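The following exercises concern the helical architecture of one protein. Each task is followed by a solution in steps.

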Amino acid sequence: MTATGVVIATSVAAAAAFATSSTLKHVSAGRIPHEARTTAGSVRRLVAATVRHPFWLAGIVADVVALSLQVTALRLGALAVVQPLLVCGLLFALVLRQLTRGRLRPAEIGWGVVLVASLAGFLTLSGTASANGPLESVDRIAALLVALTGLGLTAGCVLIGRRGGPAARSAALLGVATGTIYAATAALIKELTTLASAGPVAVLLSWQLATLIVLGATGLVLNQLAFQAGPLSASLPATSAVDPLASIVIGVVVYDEQIRPGFLAGAGSIALLAILSVAVIALARDGARDAATNVR
């Protein structure tokens, strides 16, 4: 198998593992008795039951496997390839939902086909699939500008989203902020995989690791705020679409991952990314509605 094939296979395997983890945790949540009141005692009982539940524990194992595969893929391949491929997790989630609940609509199958076709078309037309993974150097000025832009976008979305207004709009804005943070964490993971060649001490003492920890915690908090702000069908599509799109921008601008030149290639890549985003949003909305239905 070629290096590109290894990157694609590893990324898709990571997507499958992430989807497996989410499904196992969702099944676990449905089998744990719900408390009528939210008190300190009920929260303790919920946490205790959760961490002992075999499906939740299996989900944690799947998380570890998925993260290991993602790190490997980011070490070997381009950020603009790995993160978009992780969107395939939506497809695996559909398959797992069919196996566990037997609910798969024709529209979902159709959007799944559109997602795969547009993703394959983008990777082929843009030429990003042939980009190398290990970093020779990082454009520090570009990285600073992208970081400031991302920080401004995230802060703006959080401020507007928390200010009030329609719940769906607030949830979507916080979802955009979450997706931006997720893309930034993936970029830092990629740089840490290169830094690891200097030894574990260099990684432990690096600013990248400290920043990754802060961003990771921020992403978890923003994700929870997005879920609380409004319907899952608003926040989840925003996060799922922004993460790969922001990752492509970071990969090209900061890590010099090449996009095939030419007007036709550029226009075609943009069009396919637009179609990909629509498919992601459609599938994420269907998944969110299904999750909400099962909760009720």
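**Exercise 1. Place Leu283 and Ala234 in the fold, and state how each is related to a residue remote in sequence.**

Step 1. Leu283 is found in helix H12, which spans residues 263–295. Helices here are DSSP runs of H or I with at least four residues, strands are runs of E with at least two, and both are numbered from the N terminus.

Step 2. With a relative accessible area of 3%, Leu283 is buried. Buried means under 20% relative accessible area, exposed means over 50%, and partly exposed lies in between, for a 1.4 Å probe and protein chains only.

Step 3. Leu283 and Leu94 are 189 residues apart along the chain, yet their C-alpha atoms are separated by 8.6 Å.

Step 4. Ala234 belongs to helix H11, residues 232–253, and counts as buried at 10% relative accessibility. From C-alpha to C-alpha, Ala234 lies 9.0 Å from Ile281, with the two positions 47 residues apart in sequence numbering.

The model is predicted: local features need pLDDT of at least 70, side-chain atom pairs count only at pLDDT 80 or more, and totals for chains, interfaces and linings use all residues. Residues are numbered from 1 along each chain as its sequence is written, and side-chain values use heavy atoms, with hydrogens and water left out.

**Exercise 2. Summarise the secondary structure and the burial of the whole protein.**

Step 1. The protein has twelve helices and zero strands.

Step 2. Of its 296 residues, 44% count as buried.

**Exercise 3. Analyse helix H6: its span, its two faces and the residue that follows.**

Step 1. H6 covers residues 106–126, and its 21 residues reach 30 Å from first C-alpha to last, close to the 30 Å expected at 1.5 Å a residue. The expected span is 1.5 Å times one less than the number of residues.

Step 2. The buried residues of H6 are Glu108, Gly112, Leu115, Ser118, Leu119, Phe122, Leu123 and Ser126. Seen down the axis of H6, these buried residues fall within an arc of 140°, so they line one face of the helix; the arc is that of the directions from the helix axis to the C-beta atoms.

Step 3. An α-helix has 3.6 residues a turn, so residues three or four places apart point the same way.

Step 4. On the face of H6 turned away from the buried side are the exposed residues Pro106, Val113 and Thr124. After H6 comes Gly127, with a positive phi near 80°.

**Exercise 4. Describe helix H8 and its packing against H3, H7 and H10.**

Step 1. H8 has 29 residues and reaches 42 Å from first C-alpha to last, close to the expected 42 Å. It is mostly covered, since 21 of its 29 residues are buried.

Step 2. H8 (residues 167–195) packs with H10 (residues 207–229) at about 160°, their axes 8 Å apart. Axes are lines fitted to C-alpha atoms, for helices over the stretch in contact, and angles run from 0 to 180 degrees between N-to-C directions.

Step 3. H8 and H10 are therefore roughly antiparallel. Angles under 35 degrees count as roughly parallel, over 145 as roughly antiparallel, 65 to 115 as roughly perpendicular, and the rest as oblique.

Step 4. The crossing of H8 and H10 is left-handed: the near helix is turned anticlockwise from the far one by less than a right angle, whereas clockwise would be right-handed.

Step 5. H7 (residues 140–163) and H8 pack at about 155°, with axes 8 Å apart, and are therefore roughly antiparallel. Their crossing is left-handed.

Step 6. H3 (residues 54–76) meets H8 at about 70°, with axes 8 Å apart. H3 and H8 are therefore roughly perpendicular, and their crossing is right-handed.
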